[in-house]
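Let's take a friendly walk through a structure together. Keep the picture open beside you as you read, and look up each residue when its name appears.

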Amino acid sequence: MNLTPMHLIVGGVVGLGAIGVYGLLVMRNLLKLVIALQILGKAAVLALVAAGANSQQINLGQSIALTVIVADTIVAVIGLALAVQVQRHFGALDVRALATLKG
Amino acid sequence: MTSVLVLGAIGLPWLGALSVWLVGDARPRWQNFLAVGFSVAAGIAALALLLWSADAIVLTIPLGGVFGDFTFTPDGLGVFLAVVATVIGSLAVIYSVDYMRGEAQLGRYYALILLFIGAMAGLVLTSSLLLLFLFWELVAFCSYALISFHNDDPKAVAGGIKALIMTQIGGAGLLAGILLAYAYLGSYAFDALLTRAYTLPPIVLAIMAFGFLIAAAAKSAQVPFHTWLPDAMEAPTPVSALIHAATMVNAGVYVLARFYLAFAMVPNWATTVMLVGVASALLGAVMAVVTNDFKRVLAYSTISQLGYMVTAVGVGAIFASQFHLLSHAVFKALLFLGAGAVILATGTRDMNQMGGLSKMMPFVRNVFLLGAMALVGLPILNGFWSKELVLEACATCGQDWVYLGLLATVGITALYTFRMVWLVFFGKPRAARAGRDAPPVMRVALGALAIGTLTTWLLAGPFACLLGGSALSAQTAFLETAQVCRQVTGASSTGLALGVTALGFAAWWGRERLSGLTARLQWLERVTAQDFGFEWLNARIVSGTRRAAHALRATQTGELNWNMVGIVGGLVLVLAFVVWMR
Amino acid sequence: MPLDSVEILLVTALLLCALQAVRATRLLTAAIWLGAASAMLSLWLYTLGAHIIAVIELSVGAGLVTVLMVFVIGICGPDARGKHGLVPTWLAWGLVISASALLAALVLPLTGTPVPFIQTSFASVLWEQRALDILLQMILIFAGVIGVLGLLSDRNIPPVIAAFHDQEESVVPTTVEVANAPSSVESPRAWTETPEGKVRV
C-alpha cells in the first residue's frame, strides 16, 4: 500500500484524537484536562480542513474550522476560569475533589 | 359524521377533565355537574357510533416519519367496548356524586376518571399499534393515580405502585411486539399485522405472540400477574367498579381477541392462553372462598371471570368471550357499586362484621342479589347465557382439561357467591353501625345496571352482527338472539353446569355437615393465605432488584476519568457494531 | 500525489508535541509543548492550502491559549505532585487503541469521488454561506465573556475543606456510603392481605 497524503492526514487525526482521549482518561489535574481537550479540538480542525482540501472546497472547510477554533477557545477560557474557582473553593486542582456526585 | 363521533367519544371526557380541573375544588356542585354532563355526553356519542360503525378507517392524523399515521377504525369490536367504557363510566361518575360527597380534592378525582374514560375509548377505537400502546400507558397511569387517590394512606400508595409496576412489565412485552411488527412489516396498522402475519419468520411471530400474551395477562390480572388486583381495592369503590372490573382489565382480553387471527398459528400459543385462563379461573375462585374482605372477594371473582374470557379466546370462541365480557362488565360493576353502598353504610369492609342487612337495605339487597345471580349463571340473567356459551365452546374444543377446569370453577363460583351474599345480607346482624339504604343518586346508577343485567342478553343477535363485521374468527355464526338461546338451552353442557351450581349452593347450605371435610382441607387454607406462593415470588423479585441497584452504585464514582471510560467504552461498542455490520 | 518529506516531518512532530504535552509532569512544560503542537499544526494547515486558518490557529492556539495557560498556572501554582491516575493504565490504553483501530478500519479504504473546483473566496464563503455560524460565534463569545466575568468575580464564597489532600488514593470508593443507604420505602411485607377494619368514608 502506498502512502498518500490522505493516509497521513487520517493518521494525524486519529493519532491526535487518541492522545487527547488518553489524556482525558488518565490525567487528574484540571489544567491537564484542558490541554487534552485542546488537543482533541486540533484533531477536529485538521479533519475539517483536510476534508475541504480533498473535495476542492478549501474555503468551506476553513469557514467551519474557524467556528470550531472559536468554540474550542471559549471552552478553554471558561475551563481555565473554572479551574481557578475550583482552586479557591476546594484548595486543589484534583478531579477527585469534584466527586461530590458520587453514589 | 363518524369521525366526529369518534372524536366525541374520546375528546369529550378529556374536555370534561380539563373543565373540572379549571373549575376548582371550591365549587364541588359545579364539578359534579360538569363531570356527569361530559361523561354522559361521551356515552351518547359512543352509543351513536353503534349506528354508524364502519370497518374502514374514518379518522387519520398523519404524523409522518417513524410514527406513521394515527388512525381510528370504529368496527364492531371497538365500538362495543367503547360503549361499555363510556356508559359504565358515566354510571360510575353518577354514583361518585354521592359516594365521594365531602371528599377533598374532588377535582383530581373527576379529572382522572374522565381522562381514563377518554383513553379507554381511544384504546379500543384506534387501529394503529403505536397509538394503542400510547393509550395503554395512559390508562395504566390513570389506574395508578386513582388507586393511590388517598395518597396519605401508605396501603393505597403501595397498592398503586404495585399495580403500576406489574402492568408496566406487561407493557414492555406489548412494546416489544409492536416494534418487531414495525421492523418487519414497515407499518403500525392493524391490517398489516392481521393479513401479513404469515410472512414473518416463525421465531419473530412467536416472540410477538407471547409478548402480547404477557401484556394481556398483566393487564387483565391473570396468573402469574394477578397479585396486583386484590391490592388495588384500596381505590375508591367507583374506581374499582369502573377500572378494575368493567374496563381496564378488559383491555387485555380485547388485545387477545383482536389479534387472535394473527397469532393462532403460533405453536403452543393457544394452549398457553387456555392454560393461563383456566389457572386464573380456578385460582381466583379458590381465593374468593376464603377471603373475608368484601371488595377482595369481588376482586378475586373478577380474576376468575376474566379467566373464562381468556380461555374462550384461546379456544377460538371470540364471540363467546366478548359476550361474556359484556355481561361481566354490567353485573360486576353492579356488584361493586352495591358493595360500595354497603361499605358506606356499615363503615367496614370486613364481611364478618356485617350481616342481617337485608332488612335495613332492601334496595341494595335486591340489586346485589340480581348481580350475584348473574355471576353464578342462573337462567334468564345475562351471565347465564354468556357463561354457557363459553362452557359449550370449551366442551367442543377437544381438550377435556379445559372444560373440567371451568366446570369446577362454576361450582366454586356458586359457593363463594352464596357465602358472600349470606354473610353480608342474611344471618344474625353483627354490624356495629346501623346501615342506611343507598342515597337516591346512587340508586340511579344501581338501578340502571340492574336493568342491564336483566336485559343485555337480548342484544346477543345484533351484537353478533356487529362483531361479524370485524375481522375476527369465523365463529360468529349467530344472526339473532333466538338462535343463541336455542343453542344454549339445547346444549348438554348447560345441564351439567346447572347441576354443578346446585352442588355449590348445597355445599354452603350444609356447611356444618361438611365440617369434617373442611377440617381436613386446612392445609389448603394456609396455602391460600400465602396466595399460593405468588406474594413470596413478588417479594423475592423486589429484593433482588434492590440488591442489584445497590451493587451498581459502585459505578457512580463521580470522577471525570471514570465518566470518560464510560463515554469511550460506549464509542468503542458503537464503532464495533458499525464495522461489523459493514 | 507523491509524498512530501516535509509532511511526514510535520506529522511526526505534531504527534510528538501532543504526546509530550499530555505526558509532561510540570504544567508549565505541558503548556509550552501544547504551543509547539499548535505551531506544527498551523504549518501543516498551511501546506494543505488553508492559509487563513493556519494564521488563526497559530495566533489563537500558540498565542492566546498558551498565554492564558501560563497565566492560570501562575495563579494556581505548579502542583507538580505526580499522582497515578484513577483509571488503570491498561484499561485506558486498551480503550484508546481499540477506538483508534476501529475508527481507522471504518475510514481507511479511502475512496472519494472527484468534485469540480468551485472558485470562491474565503470572505464570500464565510460571510454569506456561513453567516449563521458567524452569528453563533458572536453569541458564544458573548456568553463566554459573561461566564468568565461571573466566575472570576470577587464574591466571598466560603471555601469547602477538601478532606482528601493526604489520603492515599484507591480507585473504588469506600463501602460506608453503600451500606448506609436508607431504605425509605416500606418493606414488601406491607402488601399482605388484612381485612380493613376501618375504611375511608
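## Chain C and its contacts

In chain C, 51% of the contacts with a separation of 6 or more are made by residues 24 or more positions apart. What you are looking at is a predicted model. Chain C has seven helices and zero strands, and along the sequence its pattern reads α-α-α-α-α-α-α. How much of chain C is buried? Of its 201 residues, 20% are buried.

Now look at where chain C touches chain A. This contact takes 78 residues from chain C and 71 residues from chain A. On the chain C side, six helices each supply at least two residues: helix H1 (5–23), helix H2 (27–48), helix H3 (51–76), helix H4 (89–107), helix H5 (122–129) and helix H6 (131–151). H3(C) gives the largest share of that side, with 13 residues. Sorted by class, the chain C side holds 60 nonpolar, 10 polar and eight charged residues.

## Chain A

Next comes chain A, which has three helices and zero strands. From the N terminus on, its elements run α-α-α. Of the 103 residues of chain A, 60% count as buried. Residues 24 or more positions apart account for 49% of its contacts with a separation of 6 or more.

What is the radius of gyration of chain A? The value is 17 Å, whereas a compact globule of 103 residues would have one near 13 Å. Along the principal axes, the C-alpha atoms of chain A fill a box of roughly 50 × 30 × 20 Å.

Try finding A:Ala97, which sits in the segment after helix H3 (58–90) of chain A. Is A:Ala97 buried or exposed? It is buried, because 21 other C-beta atoms lie within 10 Å. A:Gln87 is 10 residues away from A:Ala97 along the chain, and their C-alpha atoms are separated by 9.8 Å.

## Chain B

Chain B is divided into domain 1 (2–529) and domain 2 (539–581). Their C-alpha centres lie 42 Å apart. Chain B also touches chain A, in a contact that takes 10 residues from chain B and 11 residues from chain A. On the chain B side of this contact there are four nonpolar, four polar and two charged residues.

The largest nonpolar core has 210 residues, and those touching the most other members are B:Ala9, B:Ala82, B:Ala121, B:Val139 and B:Ala333. Helix H15 (residues 318–346) of chain B gives the most to this core, 20 residues. Zoom in on B:Ala82: apart from neighbours within four places in sequence, its contacts are B:Ala9, B:Ala46, B:Leu49, B:Ala121, B:Val124 and B:Leu125. There is also a second, separate core of 75 residues, which includes A:Ala83, C:Ala37, C:Leu48 and C:Met69.

## Backbone details in two loops

Some backbone details of chain B deserve a closer look. Which residues does a cis peptide bond join? The bond links B:Val223 and B:Pro224, with omega about 0 degrees. B:Pro224 lies in the loop between helix H8 (202–219) and helix H9 (228–231) of chain B.

B:Ala221 is also in the loop between H8 and H9 of chain B. Its phi is near 55 degrees, a positive value in a residue other than glycine. B:Ala221 counts as buried because it has 28 C-beta neighbours inside 10 Å.

For another loop, go to B:Asn268, between helix H12 (260–263) and helix H13 (269–290) of chain B. B:Asn268 is not a glycine, yet it has a positive phi of about 75 degrees. With 11 C-beta neighbours inside 10 Å, B:Asn268 counts as exposed.

## How confident is the prediction?

The table gives pLDDT values for chains A and B.

| Chain | Mean pLDDT | Residues at 70 or more | Element with lowest mean pLDDT | Element with highest mean pLDDT |
|---|---|---|---|---|
| Chain A | 88 | 97% | helix H1 (residues 5–26), 90 | helix H2 (residues 30–54), 92 |
| Chain B | 85 | 94% | helix H21 (residues 481–490), 68 | helix H5 (residues 129–147), 93 |

Definitions and conventions: Residues numbered from 1 in each chain as written. Chains lettered and ligands numbered in written order. Predicted model: local features only at pLDDT ≥ 70, side-chain atom pairs only at ≥ 80, totals over all residues. Contact = placed C-beta atoms within 7 Å. Nonpolar A, V, L, I, M, F, W, Y, C, P; charged D, E, K, R; others polar. pLDDT = per-residue confidence, 0-100. Helix = DSSP H or I, 4+ residues; strand = E, 2+ residues; numbered from the N terminus. Rg over C-alpha atoms; globule rule 2.2 N^0.38 Å. Buried ≥ 20, exposed ≤ 12 C-beta atoms within 10 Å, placed from the backbone. Domains from an automatic or database assignment. Core = buried A, V, L, I, M, F, W, Y, C linked by C-beta atoms within 7 Å.
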